[in-house]
Amino acid sequence: MTVDFEECLKDSPRFRASLEEVEGDVTDLELKLDKLVKLCIVMIDTGKSFCVANKQFINGIRDLAQYSSNDSVIETSLTKFSDSLQEMINFHTILFDQTQRSIKAQLQSFVKEDLRKFKDAKKQFEKVSEEKENALVKNAQVQRNKQHEVEEATNILTATRKCFRHIALDYVLQINVLQSKKRSEILKSMLSFMYAHLAFFHQGYDLFSELEPYMKDLGAQLDQLVVDAAKEKREMEQKHSTIQQKDFSSDDSKLEYNVDAANGVFMEGYLFKRASNAFKTWNRRWFSIQNNQLVYQKKFKDNPTVVVEDLRLCTVKYCEDIERRFCFEVVSPTKNCILQADSDKLRQAWIKAVQTSIATAYREKGDDSEKLNKKSSSSTGSLESGNETKEKLLKGESALQRVQSIPGNAYCCDCGQADPRWASINLGITLCIECSGIHRSLGVHFSKVRSLTLDMWEPELLKLMCELGNDAINQVYEAEIEEMGIKRPQPGQRQEKEAYIRAKYVEKKFVDKDSLSSSSPKQEKKPSSKSCKVKRKRLSFSKRGSGDQVEVPAQSPVKSNDSEIQQSSDDGRESLTSMVSANSFYESEGERQDSAFTDSKQPNPGLQLSRASYEKNLPKMAEALAHGADVNWANPEENNATPLIQAVLGGSLVACEFLLQNGATVNQKDGRGRGPLHHATVLGHTGQVCLFLKRGANQHDPDEDGKDPLSIAVEAANADIVTLLRLARMNEEMRESEGLCGQPGDETYQDIFRDFSQMASNYPEKLNRFHQDSQKF
C-alpha cells in the first residue's frame, strides 16, 4: 500500500485516511515480526537442547559399542551409526546457526532500524500537523483592524505550511520505502531459511546414501543372527533339560580334586572360617589350594588372602572338640586355622586334598619347587589386577594389535622381550615396561613414551607407528652392533639395559656414521682397516657400582617392507589441489627443490631430512635425525624452507606428525613469511591444516603478501579449511573472553577437529571433495 504525494500536499481527508490505514498496517507488521523473531529464538534454543540430548544419546551408543568390543558386528555397526548421527548433529548445528542469521538477525534488524525510522517520521509529522492547526486557528481569530497581528499570523501560517509540506512529503516517502522494503526483507530472510533447510536435507541424504549399503548388508546378517540365536536357544534348552535330570541330592560332584590342573588350582570350594578375634565369628569364604598355598577370597575381584604360605610346613586334622559339625583344623608353625565344610564327605575331601598337596610338594625337586613358587607369584599378581587390566586392554586393544602387527614389533625393540605393551611415539618403536621406564628417564627430547593399552591414540599417531617399527629403526640405531661385537641386554638386566639404551639413543654409538655419504647399500661397501679394527673390538657397559660388564648380541639389520610402507603412506596422504594459483606458485619451487636435492655433494643430515620429508620416506627421516639433523633446519636454497614445510609440499600427513613429535616448530616461516599452515592452506591439505591447528599454529601472521591462512582459504573457496580456521579463531576468542586457562576448547570444537583428524587419517577421500569441485569449474 502506497500514499499519493499529491494527496499529501492537499492534506485531504483521503490522505489522512490513507495515513491511518498505513500506520495500523505497520503496527500489525511490527507485532507479527516480533512474534516471529521470538518464536525463532525459542525454536533455536529448543534445537540446541535437542542437539545436546542427541549427543548424550550418541555417547550412550558409543559406550554400548565399547562394551560390545568382543562382538565385532555390534561394535562396528554401533560405531558407524554413532558417527553418522554425530554428523547429523553437526548438520543440525549449522542449520540453527543459519536460521539465526537469516530469520532472527535480518528481521530484528528490519524492526529496529526501518520501523524505528518510520516511528520517528510519524512523530515529526504529528507535531507539525498540530502546529499547522494552531496557526490556522490563530490566523482565523485575528481581527481585521489589527494590522500588525494580521501580518504576524499570516507569516506564521505561511512558514508552518511550508514546514508541513516538507515533513509530510518526507513522511510519505518513508512510508512508501518501508512498504517496498518490507516485501524484500521478509522474502529474503525466508528464502535464506528455506535454502538452509535444503542444504541440511541434502547433506543428510548424501550421508545416509553412503550408509545405506552397509545397512542392507547388516540387515542380511541380522536375519542370519536370528536363525543362529534360535538354534543356540534350542541347544541351551536341551543342555538345561539334561542337567536337570541329574541327581543333586548329594555333594559328590564337589569332591573332586585335580593334582595336575593346568591352572594350578588343586581344589576349590566354599568353607566356613572361624575368625581369630575375640568373638570367634564364622564367615563363609571361597577357598582354594593352588601353587602349594591355601588361600581364600570373599569376592572374585578381591585379592586372595593367604592362610598358609607353604603347605609342606603344616598338617591337617579333624576338629571334634567344638560344637559345630564337619570342622577340621590346618596347623602351621605360625598359626592355626579352623574351617568347616558343608558335609562330612566334603570335610574328608578337603583333608585328603591338603594331605595330597603336602605329599606332592615334598616329592618335587628343588628346581621344580622354585618354578612353582614363581608361578604362584605371577598367578597371584594376575588375580590382583586381572579385571582392571582387562578393562584397560579393551581401551587400547585395537592400537596394540595394529602396532604389534608391524614387522619386529611383537618383541621389545631394545631387549627382545615378547608382547611389548609400551611405545616410543617419536621413535616409532615398541617397548617392554622395563625399557619404557628407562626411555622415560632419558627425557621427552629423546623418547616420548605412551602405553599401547592404557592411553588413547590419535589416528595420525597410530598411523605413524605403523609406518616405522622396530625393524626399520634398528636398521639405523643398531647398524654397527654386529661389526662392533655388541650383544643386546636380556630381559631383567636393568643396569645393562640402561647403559645400552643410553648408548643407543643418546650417544648414538651404533649408528653407521658413513651411511649418509655412501651411495651404495651398506653390505656392498668394502670394509676399511679402521672398520676391521672396530669389528675386532668389543664394547662393554659397566654396571653402576660394580666392575661387571655385559655384552649385547649382534643383530643384523632387517629391511622394512617398502611396499607396505608405501601403501600405508598413500592411505594417509592427501592429493594436491588443482588450483591454478597453487600450481603456479609451487611449480618453480619444485624445480629448485629437485636441483637442490640432487646437486648436493656434501652429506648434510638436514638436507637428507628435507629430502626424505618431501618424499614421504619415514625410515630415511629417522636415519637423518639419528645422524644429528636439525629438525628445524632451514634450506637457504629453498627460501629457508624447513623439513616440516617440505613434508607439507610432499602431501604427507604422517611425515608432518613425525616431525612434530620430534620437536619441529609449527610456526617457523620460510623466506616468504609462510609457515607450514600457510603452505597447507594454499595446497588445500585439510588434514595437515587440522593437525597444525591442534598443535597451536598461529593463523594470524600474514606472509610477505599480507595474506593470512584464512584469507587464502576464502579466496580459494575451500569450505573445509575455512571452517577449521574460523572454528579455531572462535575457540581462541572464547578462551580469551572466558579465561579458560590452557583448556583446549568446548566440546563441539573438539568433536569437529576429532572428526577431521579421523577423516584425514582413515578416509582422506572424503576431504578431496574440494579438489573435485574445483576441477569442475
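The structure holds 23 salt bridges, where a salt bridge is a side-chain nitrogen of Lys or Arg within 4 Å of a carboxyl oxygen of Asp or Glu. The model is a predicted one, in which local features need pLDDT of at least 70 and side-chain atom pairs count only at pLDDT 80 or more, while totals for chains, interfaces and linings use all residues. Residues are numbered from 1 along each chain as its sequence is written, and side-chain values use heavy atoms, leaving out hydrogens and water.

Three of these pairs can be followed in turn. Arg284 and Asp342 form a salt bridge whose closest N and O atoms are 3.6 Å apart. This pair links distant parts of the chain, with Arg284 in strand β2 and Asp342 in the loop between β7 (336-340) and α5 (344-363), 58 residues apart. Helices (H or I, at least four residues) and strands (E, at least two) are DSSP runs, numbered from the N terminus. Arg284 is partly exposed at 40% relative accessibility, and Asp342 is partly exposed at 33%; here buried means under 20% relative accessible area, exposed means over 50%, and partly exposed lies in between (1.4 Å probe, protein chains only).

In a second pair, Lys317 meets Glu329 with 4.0 Å between the closest N and O atoms. Lys317 sits in strand β5 (residues 315-318) and Glu329 in strand β6 (residues 327-331), twelve residues apart. Lys317 is partly exposed, at 43%, whereas Glu329 is buried, at 11%. In the third pair, the closest N and O atoms of Glu460 and Lys694 are 2.8 Å apart. Here helix α8 (residues 459-467) supplies Glu460 and helix α20 (residues 686-694) supplies Lys694, with the two positions 234 residues apart in numbering. Glu460 is buried, with a relative accessible area of 5%, and Lys694 is partly exposed at 35%. Salt bridges with shared partners also join Arg672, Arg674, Asp703, Glu704 and Asp705 into one network.

The strands come next. Strand β2 (residues 282-290) runs antiparallel to β3 and is joined to it by five bridges; two strands count as paired if DSSP finds at least two bridges between them. Ser288 has Val295 of β3 as its bridge partner. The hairpin of β2 and β3 has two residues between the strands, and Asn291 takes a positive phi near 55 degrees there. Strand β3 is also joined to strand β4 (residues 305-308), again antiparallel, by three bridges, and Leu294 stands opposite Val308 in β4. In β3 (residues 293-297), five of the five residues are buried: Gln293, Val295 and Gln297 cover one side, with Leu294 and Tyr296 on the other.

Elsewhere, an open sheet of three strands follows the order β9-β8-β10 with antiparallel pairing. Its edge strands, β9 (429-431) and β10 (449-451), each pair on one side only. Strand β8 (residues 422-424) and β9 share three bridges, and Ser424 stands opposite Ile429 in β9.

Finally, how many disulfides are there? The count comes to zero, a disulfide being a pair of cysteine sulfur atoms within 2.5 Å. The sulfur of Cys435 lies 3.5 Å from the closest cysteine sulfur, in Cys432, so the two are too far apart for a bond. Cys435 is buried at 0% relative accessibility, and Cys466 is buried too, at 14%.
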